[in-house]
Amino acid sequence: MRRLSIVDVERCVGCMSCVFACARRFGEGGVAKSAIWVGSIGGVERGFRVVVCRACSDPPCAAACPTGALKPREGGGVVVDYNRCIGCGTCRNACPIGAVMWDNETNKPIICVHCGYCVEFCPHGVLAMEEVG
Amino acid sequence: MNPKDPLRRVLYIDLSRKKYWVEDRRDLFEEYMGGVGVAIKLLEEELPRNADPLGPDNAIVFAVGPLSALYPTASKTVAVFKSPHTGNLGESHAGGRSAIAIRLAGYGAIVIKGASEIPVWVAVHGNRVYFRDARALWGMTSSHTVGRIIREREPGRGFRTIMRIGRAGEKLVTYASVITETYRHFGRLGLGAVFGSKKLKALVVSGRGSIPVVDRKAYREAYKKIYDLLVESPLMKKYHDLGTPMNVLVLNKLGALPTMNLAKTRFEHADKLSGEYLAEHYLGRRLACAHCPVACIHLAALREPYVDEPYFFKTTFIGYDYEPIYSLGSMLGVGDPEGALRLMDRVDKVGLDAMSTGVVLAWATEAYEKGLVSSDDLAGVELKWGDYEAYMKAIDYIVEQPTEFYAALARGVEYAASKYGGKDFALAFGGNEMPGYHTGPAAPFSFLVGSRHSHLDMGGYSLDQKTIGKSLSPEEIVNKLVKEERWRQILSSLVVCFFARGVYKPDIVVEALRPLGYEYTVEDLENLGKEIHLNKYRLKVREGFSLDDLRVPRRILETPTPHGVIREETIRTMLDIFKKRIMAELGRV
């Protein structure tokens, strides 16, 4: 299995190409459906943080889900069963790194599936896919 | 256009009545696409004839376009307003996160009118607009502090832009800038003063929406194609590696780098101001505007000791680009890179346009040398080429205006020279201070007739550099420049950064627009570019612009260019050709 990994966040220039790439998986423009986010750490001159699911082997979001909608994924992270999800937001609060994004249009979580599409659009070597497990 | 695209929504904000509303302006976006094409029409609607640029009747329009937030390098916002600096059409573009924030907040344009009685900042979060009390921020020394405070006070996950003014805008210096995301600017023509006159300290916009496209598959394919072209293009690499300061050595070698108020075109310390030197010794971080893989923004990390305590340092990040290096470096004879960086930082703190400030100070230095002004006029500041400490003080005085002379400098070099003499070496074109290109005859012609008085209108500086050693007829120059300016109207209606113009060729633009539901042909785009250009000229003429009374500063005819000495006759001939053509097209023969 592969997981998305942040190789060197200091190389990030804040272009957010990854954020837009993620939304394009659904064929949309904008960022409402993106599972990855880039923000400055208190002023752009200090650099950026890239927030995305890091594929925990024992994911707290899945442990917290009251309906069993989040199932641990082989190799780390989770798979969301949107039919079971009631949009309670417990998973979002359970993730200490803030990597459970929220889709306000459907009121359901957005969590990285580690497909690697964003990596193709990172021009400065911040992101990479790595083999796990 | 795609009927589901929120681009057609225009947000109107009335500062006098503290009201806001949204109008569906599909009419304008269908006809003029977006960006500057739509902005000009909105300004024409809002601006009463001969309105005072610093009165409540002036309007500010910010606009983005169909490609904003959908394609890479479509990262610029266009601002149009009536300029307090020239008294005519003002247009300025900036990147940062502004374009993406406006687009993802669900708007194609934002119109700001009226004036507040007390200082306010306005926050636009999606569909909500808030008027916040900015009295505690008014008069603050540094625009950076203002940005930090607002950043902490305003909620809003997602893309957020914080456009703010410094003291210069509050004090209505006619070339005050609006700063966005600390290192980008609506620099030219005084948008900062218009903000100040409306008591608008800042405009915050945040958005995190989505934009539907018509053909998802084609959209992804077109995106990938453009993205690959961008990251593989050599020009883009240059902008990323050294950024715009790569031009310093190029122009110096050509003898086109205005130095010491254009007495010279080569600067003995150019190597110390070069992109290469700055990158090697000071480059601390490179940044991108939102949705631009290029990352051309270069920040110097300037480490300075405090004199009162050993081992006590501060490190300041200072954005540098070719234009401020020219205007605050070579133009003022400042060859110490740290001195030039400090001047850039000061100009940003108070919120002035770097280019106009440098040219104004260069003129003031020469005027003082020639005895046109006294030490008293200068409030005791001994202006001298290369003395950046003196220039730091003078920048503060342009803002605070302790003497009549500084009050005159605060209105630009054209005005100051009309009061104190020295017009021959007052380097303004159409009332706006010159940019850093003494490349040949096409550049000054383009500064004179470019529809927003910017070197970026027509790219005259670029044509000059490409044609060294060749002699183009005045007719050829005019035709090439007009063609270029008209295409640039399309780029600034999409809105695409001009740095990516080599990638966004007409056929690529057609391909990018198609999945979004636009059926433009290359010919349609060319016609639209012409129409937008003429719309601008129509508005300019309405507001009193005339091609008959344009002043050519004598200095540019004295100092040789890489094309030799420019003859005034050459420029006048080009002006005649241009005038005949534009007036015929406007139906005013």
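## Exercises on a two-chain model

The C-alpha centres of domain 1 of chain A and domain 2 of chain A lie 20 Å apart. This is a predicted model, in which local features need pLDDT of at least 70 and side-chain atom pairs count only at pLDDT 80 or more, while totals for chains, interfaces and linings use all residues. Residues are numbered from 1 along each chain as its sequence is written, and chains are lettered from A and ligands numbered from 1 in the order in which they are written.

**Exercise 1.** Find the domains of chain A and describe their contact.

*Solution.* Start with the bounds, which come from an automatic or database domain assignment. Domain 1 covers 1-52 + 112-133 and domain 2 covers 55-97. Next, look at the contact (C-beta atoms, placed from the backbone, within 7 Å). Seven residues of domain 1 of chain A and six residues of domain 2 of chain A take part. Finally, sort the domain 1 side by class: four residues are nonpolar, two polar and one charged. Here Ala, Val, Leu, Ile, Met, Phe, Trp, Tyr, Cys and Pro count as nonpolar, Asp, Glu, Lys and Arg as charged, and the others, Gly among them, as polar.

**Exercise 2.** Work out how chain B is built overall.

*Solution.* Begin with the elements: chain B has 24 helices and 18 strands. Helices (H or I, at least four residues) and strands (E, at least two) are DSSP runs, numbered from the N terminus. Then compare the radius of gyration of chain B, 23 Å, with the 25 Å that the globule rule gives for 589 residues; the two are close, so chain B is as compact as a globular protein of that length. This radius is taken over C-alpha atoms, and the rule is 2.2 Å times the number of residues to the power 0.38. Now split the chain into domain 1 (6-207), domain 2 (245-432) and domain 3 (439-501 + 521-585). Between domains 1 and 2 of chain B, 34 residues of domain 1 touch 28 residues of domain 2. On the domain 1 side, α5(B) gives the largest share, three residues.

**Exercise 3.** Trace the six-stranded open sheet of chain B.

*Solution.* Read the strand order first: β8-β7-β12-β9-β10-β11, with mixed pairing. Two strands pair if DSSP finds at least two bridges between them. The edges are β8 and β11 (184-186) of chain B, each pairing on one side only. Next, take β7 (residues 120-125) of chain B. Six bridges join β7(B) to β8 (residues 128-133) in the antiparallel sense, with B:Val124 opposite B:Val129. In their hairpin, which has two residues between the strands, B:Gly126 takes a positive phi near 55°. With β12 (residues 200-207) of chain B, β7(B) pairs in the parallel sense over six bridges, and B:His125 has B:Ser206 as its bridge partner.

**Exercise 4.** Describe how α20 and α22 of chain B cross.

*Solution.* Remember the general idea: two packed helices are described by the angle between their axes and the distance between the axes. The axes of α20 (residues 474-494) and α22 (residues 522-542) of chain B come within 8 Å and cross at roughly 95°. Axes are lines fitted to C-alpha atoms, for helices over the stretch in contact, and angles run from 0 to 180 degrees between N-to-C directions. That crossing makes α20(B) roughly perpendicular to α22(B); angles of 65 to 115 degrees count as roughly perpendicular, under 35 as roughly parallel, over 145 as roughly antiparallel and the rest as oblique. Now list the contact residues, including B:Trp487 and B:Ile490 of α20(B) and B:Leu525 and B:Leu528 of α22(B). By class, this contact has five nonpolar, four polar and four charged residues.

Note on methods. Two residues are in contact if their C-beta atoms, placed from the backbone, lie within 7 Å.
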